[in-house]
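Work through the exercises below with the sequence and the model at hand, and try each task before reading its solution.

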Amino acid sequence: MTSTLRRRPSQRRSAERVERMLDECAALLDEVGYDGLTTKEVARRAEVPIGTFYQFFPDKQGLVRALALRNLDRFLVRVTDRIAAAEPAHWSQLSDLAIDEFVAMKRATPGFSVVDFGEVLPTPGGPALEGTNHMLDSAVENSAVVAERLRALVAGRHDNPAGERLDLAVRVAVEAADAVLKLAFRTDPHGDAALIAECKQLVRRYLAEHLSEARPVAP
């Protein structure tokens, strides 16, 4: 997250201020949406001078980008914790855990229904606001960043497969899951259970077919 900041917090007090601003940004996204979000109101609610806000964030988009990166970091930590607790027998089963955590964050994490990993969704399930598909990285799409982070998580837990085949498989799985989950939350603000189940099955079968030779997840 700090890579998006104008300057890195050097003291605990500054780091706490940044976190408060991100927390208030998330809360306001739920309350007033992206269009209603203002830097002035974020600063007021976080109890920081507006000048302090601009020391760390260039503008509203920079603030939201930092929130999206924090969301992604927290999502990956939660998935990692679930993997450790569940000890899945085969790495293709990790997709269920990742989808469960994403759905849980959509339902309960402040601001996540509007901005999850970068795209701004004015209404549940999209369509996304034009120009927000490169919020995490100006050079590649948000989904590619998410796929790369998930690929790194998976690749560290088994010996095989690797390389371009794994990269492509994870990218396709992320794109497919994103499309179906958008539909699930467009159909039902809490996520249509039947569509979520279909999403899990779709991704699981895809990974099983394309990466069937993968070894079990390493303990």
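**Exercise 1. Describe the overall fold: how many helices and strands does the protein chain have, and what pattern do they follow?**

Step 1. In this predicted model, the protein chain contains eight helices and zero strands. Read along the sequence, the pattern is therefore written α-α-α-α-α-α-α-α.

Step 2. Buried residues account for 47% of the 219 residues in the chain, while the accessible surface comes to about 11100 Å², with 51% of that area belonging to carbon and sulfur atoms.

Step 3. If one takes the contacts between residues at least 6 apart in sequence, 64% of them join residues at least 24 apart.

**Exercise 2. Find how many disulfides the structure holds, and decide whether C25 and C199 are buried or exposed.**

Step 1. A disulfide is a covalent bond between the sulfur atoms of two cysteines. The structure holds zero disulfides.

Step 2. The cut-off for a buried residue is under 20% relative accessible area. C25 has 0% relative accessibility, so C25 counts as buried, and C199, at 1%, also counts as buried.

**Exercise 3. Locate the annotated region of the chain, and describe the setting of E47.**

Step 1. The UniProt record, an unreviewed entry, carries the annotation "DNA-binding region" for residues 38-57. This span is 75% helix and 0% strand, and its end C-alpha atoms lie 12 Å apart.

Step 2. E47 is placed in the loop between α2 (39-46) and α3 (50-56). Its phi is near 60°, a positive value in a residue other than glycine.

Step 3. The cut-off for an exposed residue is over 50%, and E47 is exposed because its relative accessible area is 66%. Although E47 and M21 are 26 residues apart along the chain, their C-alpha atoms are separated by 8.7 Å.

**Exercise 4. For E101 and N142, state which helix holds each residue and which residues each one contacts.**

Step 1. E101 is found in helix α5, which covers residues 94-108. Its relative accessibility is 7%, and therefore E101 counts as buried. Leaving out residues up to four places away in sequence, E101 touches F75, R78, V79 and R82.

Step 2. N142 belongs to helix α6, and N142 counts as buried because its relative accessibility is 5%. Apart from neighbours within four places in sequence, the contacts of N142 are F117, G118, E119, T132, N133, H134, M135 and L136.

**Exercise 5. Where is P127 placed, and what kind of peptide bond joins G126 and P127?**

Step 1. P127 lies in the loop between α5 and α6.

Step 2. The peptide bond that joins G126 and P127 is cis, with omega at about 10°.

**Exercise 6. Describe the largest pocket: how much space lies in it, and which elements line it?**

Step 1. About 560 Å³ of space lies in the largest pocket. It is lined by 30 residues, of which V146, L150, A173, V174 and A177 are the closest to its centre.

Step 2. The elements that give two or more residues to this lining are α4 (60-86), α5, α6 (142-155), α7 (164-187) and α8 (193-210). Helix α7 supplies the largest share of the lining, namely eight residues.

Definitions and conventions: Residues numbered from 1 in each chain as written. Predicted model: local features only at pLDDT ≥ 70, side-chain atom pairs only at ≥ 80, totals over all residues. Heavy atoms only, no water. Helix = DSSP H or I, 4+ residues; strand = E, 2+ residues; numbered from the N terminus. Buried < 20%, exposed > 50% of the residue type's maximum accessible area, 1.4 Å probe, protein only. Contact = heavy atoms within 4.5 Å. Areas by Shrake-Rupley, 256 points an atom, 1.4 Å probe, with all protein chains shown as cover. Disulfide = S-S within 2.5 Å. UniProt positions renumbered as here; feature names shortened; annotations may be inferred. 1 Å grid on protein atoms, 1.4 Å probe; cavity = no way out; pocket = protein on both sides within 12 Å on 5 of 7 lines; lining within 4 Å. Points joined across faces, edges and corners; volume = space filled by probe spheres on them.
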